[in-house]
Amino acid sequence: MKTWRIATIPGDGIGKEVVPAGQRVLEALAQRSDAFAFEFENFDWGGDYYRQRGVMMPADGLDALRNKDAILFGSAGDPHIADHITLWGLRLKICQGFDQYANVRPTRILPGIDAPLKRCAPADLDWVIVRENSEGEYSGVGGRAHQGHPIEVATDVSMMTRAGVERILRFAFRLAQSRPRKHLTVITKSNAQRHAMVMWDEIAVQISKEFPDVSWDKELVDAATARMVNRPASLDTIVATNLHADILSDLAAALAGSLGIAPTANLDPERRYPSMFEPIHGSAFDIMGKGLANPIGTFWSAVMLLEHLGENAAARVLMAAIEHVTANPALHTRDLGGSATTAQVTDAVCSYVAQHAALVQQAA
Ligand code: ATP
């Protein structure tokens, strides 16, 4: 029996509710399997840790994670701590320290979800957004000078390397190739950003030659927002820079019905380091501690975690459990217009897993 070592980092706000819920459903799956088990280790890093120690995570924190098979993360964000401290001090430290350069965000309208696009069928929206996760606009290159003086200056340099662009485009083409449509849309802003984005376009042409069976097209990021709303079925796999994909994936999550549902994987495709899985929503302090948090984004992230580990039967059962729950309005949390609690949704997913225990045993 394989024992997967999983680090859980609930972080801040509702992360402390949805990550334990995610752990519960993973444990429910493992209980029904003869093939795998989990060994969880919890890390209490985040805003509270920062208040006590002045850092979001310890200096040797990455070493504590290094031997894990995967990380289940909640959120980093605290109304009393500056956003750049919570983000750079925890989540980005892990993403960058472990070179998790591919951020993958599947988006679908799940059964029973009332999504805002009324002109299209739910099946028209079935995307995977691939976000460059290691450089670009969020590379952290830049600085400030003359602080507090009228001549103050600040720069954030968007840094794109050929190696970084090649690896994310190759990853995106490969992902597109694995999906039934085999279609990739490469999003840039190469009309206005005439250096790095033009390099993206050139590298896209180069990498596309390695994938003759994948059709692909290009779109400027502003036009892409309109296309997502007006012609969602024309998109399938999408690749974009760190900033562009960050924005597009929030739009995608809203178009799919709720921020509370959407998952993310921060992958090191070469598997040199553990990859990290998290819901895309933030800490949502407004609903913290009330049992209102929708755990589905974390559960879907757990599906991606299982797929990454190769536990495909368990991943399929968990995804089916999620769809079973979303199809039932009585199990919708408040963000979906319902009144179910985090615990009720988690219980329902666990009992679906228990009822379909035989399927967890199926070979991958
Ligand atoms: P952060 O600063 O950490 O990004 P935030 O509160 O500004 O967090 P989000 O958490 O991403 O931003 O979400 C915005 C709002 O959407 C929240 O205030 C909350 O009302 C709602 N929301 C987000 N996630 C969920 C969820 N899982 N369940 C229910 N409501 C949610």
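**Figure 1. Residue classes in the shell around the ligand.** Sorted by class, the shell that surrounds the ligand is made up of six nonpolar, six polar and two charged residues. The structure shown here and in the views that follow is a predicted model. Among the 14 residues around the ligand, those that come nearest are Gly-282, Ser-283, Ala-284, Asp-286 and Asn-294.

**Figure 2. Polar contacts of the ligand with His-281, Ser-283 and Asn-294****.** The side chain of His-281 has an N or O atom 3.4 Å from a nitrogen atom of the ligand. At Ser-283, a polar side-chain atom lies 2.8 Å from an oxygen atom of the ligand, whereas at Asn-294 a backbone N or O atom lies 2.8 Å from a nitrogen atom of the ligand. The ligand, taken alone, exposes 600 Å², and 65% of that area is buried by the protein.

**Figure 3. The largest nonpolar core, with Leu-29 among its most connected members****.** In soluble globular proteins, nonpolar side chains tend to be buried together. Here the largest nonpolar core has 90 residues, and the members with the most contacts inside it are Leu-29, Phe-38, Leu-169, Trp-200, Val-239, Leu-318 and Ile-322. Helix H9, which spans residues 296–309, gives the most to this core, contributing nine residues. When neighbours within four places in sequence are left aside, Leu-29 is in contact with Phe-36, Leu-306, Ala-314, Val-317, Leu-318, Val-353 and Val-360. A second core, separate from this one, has 16 residues and includes Tyr-49, Met-56, Leu-65 and Leu-90.

**Figure 4. Arg-227, a buried residue in helix H7****.** Arg-227 lies in helix H7, which covers residues 221–230. Because its relative accessibility is 7%, which falls under the 20% limit, Arg-227 counts as buried. Apart from neighbours within four places in sequence, the residues in contact with Arg-227 are His-183, Thr-185, Asp-217, Glu-219, Pro-232, Ser-234 and Leu-235.

**Figure 5. Val-153, a partly exposed residue in strand S7****.** Val-153 is found in strand S7, which runs over residues 153–159. With a relative accessible area of 39%, a value between the limits of 20% and 50%, Val-153 is classed as partly exposed. Not counting residues up to four places away in sequence, Val-153 touches Gly-143, Arg-144, Ala-145 and His-146. Gly-143 is ten residues from Val-153 along the chain, and the C-alpha atoms of the two are separated by 8.2 Å.

Note on methods:
Residues are numbered from 1 along each chain as its sequence is written. This is a predicted model: local features need pLDDT of at least 70, side-chain atom pairs count only at pLDDT 80 or more; totals for chains, interfaces and linings use all residues. Side-chain values use heavy atoms; hydrogens and water are left out. A residue is near a molecule or strand if one of its heavy atoms lies within 4 Å of it. A polar contact is a pair of N or O atoms within 3.5 Å; within protein, one must be able to donate a hydrogen and the other to accept it, and residues adjacent in sequence count only if both atoms are side-chain atoms. Accessible areas come from the Shrake-Rupley method with a 1.4 Å probe; for residues, only the protein chains shown count as cover. Ala, Val, Leu, Ile, Met, Phe, Trp, Tyr, Cys and Pro count as nonpolar, Asp, Glu, Lys and Arg as charged, and the others, Gly among them, as polar. A nonpolar core is a set of buried Ala, Val, Leu, Ile, Met, Phe, Trp, Tyr and Cys residues joined through side-chain atoms within 4.5 Å. Buried means under 20% relative accessible area, exposed over 50%, partly exposed in between (1.4 Å probe, protein chains only). Helices (H or I, at least four residues) and strands (E, at least two) are DSSP runs, numbered from the N terminus. Contact means heavy atoms within 4.5 Å.
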